[in-house]
Amino acid sequence: MAVKFMSYEVSDLCIGKPALRALPISSTVGEALLALKQCGDTYVSVWTSERSAPVKKAFAGKLCMVDILCYLCAEENISSPVAALKNPISALLSKGMAALMRRVESHSRVLDALNLLLEGAHILWVPIRSVAGRKKLGGSSGEFCWLTQEDFVRFFFNSIAIFSPIAALSVTELGLVRSADVLSVHYHDAALSFLPLIRRALVDQTSVAVVTDDHKLIGEISPSTLAGCDESVAAAIAALSAGDLMAYIDWCASPPDAAVRTVKSILKEKGMQGMLELMEGELSPPMFSSSSSTYSASSSSDEEGEKLRRPRRARWMGSYSARMGRRSEEAIVCHPGSSLVAVMVQALAHRVGYVWVVEEDYSLVGIVVFRDILEVFREQLVQAEELV
């Protein structure tokens, strides 16, 4: 029975989770870019210090490559993206971002932590056992890890039999298919025109569907895929259509020369010299470093300097889905009659927080997202709690 989960604590979800990698708020956008490329993580966290107590740290937000790509393509930066890399990372943090990151103690109940996620938190950061010799964050003697919707969905999936029979019910029967707020664009739409949809998909932990004129799904522009790209994709966003961008980001680890020439040609026609400089330049710390940064990615040692001077595409290996052989034209889909457990398997296997719902002819019906799946499990836990 689901009542078993009432005894689980947040620490049970943190087993094997690595400590957060963090940047000080004084870092630049360029240093955040290098930190992401060097550490190999999807996100880095940003911390700030209180003026009255400099030793005490607080998390100000989290950043990924998608934040940087959208920032470089913003109207105020698109003409000089290389110069924008010198700006402070505070420019990337929205005013309400800190409120979306909530601290949870490791001894908290799973249900209580789940409530925080479903009430609007995007990330839960949890104190974990300290590691000797590492700098401590958060004003405590330990370090932190963070938990996302995916961690909770995976946790419930590992004990899915306990939640029978709902696991076998279809996503339609459970009311999980969202159709009203699906983000979608057409194949020939300019990628730059739907930048706000990419930002929203990142916040909502979903994706942007690419559809035909008769609303059939032919692919997607997923933040999870863009997060595995490098800064040169900003130039592709500025130059290409949605359909062409799908192909380009699938090649982001090593785009064919013909594709690179095409992007450069379009940028020249549009007079986007700044984006050309971004594609052709070799970025290095002196271009945008801040003297106050303490993140290891800005190390000036010979070894680190050599890593940063290597060719961009050899250093950045692409998204999880790309490494597993999935292309943007191969969106993760299910049908209205697919079971909850089948949808969970698909999403977890591909490390995405959503699954598109289509008819047999690929007409787009809607989308199933992790947040709604977690609502189903919370309802089960609340009912079990009432029986205790």
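## A first look at the fold

The protein has 16 helices and 12 strands; helices (H or I, at least four residues) and strands (E, at least two) are DSSP runs, numbered from the N terminus. What you see is a predicted model, in which local features need pLDDT of at least 70, side-chain atom pairs count only at pLDDT 80 or more, and totals for chains, interfaces and linings use all residues. Residues are numbered from 1 along each chain as its sequence is written, and side-chain values use heavy atoms, with hydrogens and water left out.

Let's start with the whole protein. Of its 388 residues, 52% are buried. Buried means under 20% relative accessible area, exposed means over 50%, and partly exposed is in between (1.4 Å probe, protein chains only). The accessible surface adds up to about 17200 Å², and carbon and sulfur atoms own 52% of that; these areas come from the Shrake-Rupley method with a 1.4 Å probe. Among contacts (heavy atoms within 4.5 Å) with a separation of 6 or more, 69% join residues 24 or more positions apart.

### Two helix pairs

Two packed helices are described by the angle between their axes and the distance between the axes. The axes are lines fitted to C-alpha atoms, for helices over the stretch in contact, and angles run from 0 to 180 degrees between N-to-C directions.

Helix H1 covers residues 29-39 and helix H2 residues 65-72; they pack at about 145°, with axes 10 Å apart. Their crossing is left-handed, a label used if the near helix is turned anticlockwise from the far one by less than a right angle (clockwise would be right-handed). On the H1 side, Val29, Ala32, Leu33, Leu36 and Lys37 make the contact, and on the H2 side Met65, Ile68 and Tyr71 do. By class, that gives 7 nonpolar, no polar and 1 charged residues. Here Ala, Val, Leu, Ile, Met, Phe, Trp, Tyr, Cys and Pro count as nonpolar, Asp, Glu, Lys and Arg as charged, and the others, Gly among them, as polar.

H1 is mostly covered, with 10 of its 11 residues buried. Val29, Glu31 and Cys39 are among them. Right after H1 comes Gly40, which has a positive phi near 80°.

The other pair is helix H5 (residues 149-157) and helix H15 (residues 340-349), whose axes come within 11 Å and cross at roughly 130°. H5 and H15 are therefore oblique to each other; angles under 35 degrees count as roughly parallel, over 145 as roughly antiparallel, 65 to 115 as roughly perpendicular and the rest as oblique. This crossing of H5 and H15 is left-handed too. Glu150, Val153, Arg154 and Phe157 of H5 meet Val341, Met344, Val345 and Leu348 of H15.

### Spots in the loops

Most residues other than glycine have a negative phi, and most peptide bonds are trans. The table lists two non-glycine residues with a positive phi.

| Residue | Phi | Citation |
|---|---|---|
| Arg351 | about 55° | positive, not a glycine |
| Tyr362 | near 70° | positive, not a glycine |

Arg351 sits in the loop between H15 and strand S11 (354-358) and is partly exposed at 40% relative accessible area. Tyr362 is in the loop between S11 and strand S12 (364-369), and with 38% relative accessibility it is also partly exposed.

The peptide bond from Ser164 to Pro165 is cis, with omega near 10°. Pro165 belongs to the loop between H5 and strand S7 (184-186).

Finally, Gly271 lies in the loop between helix H10 (257-270) and helix H11 (273-280). Gly271 is exposed, at 58% relative accessible area.
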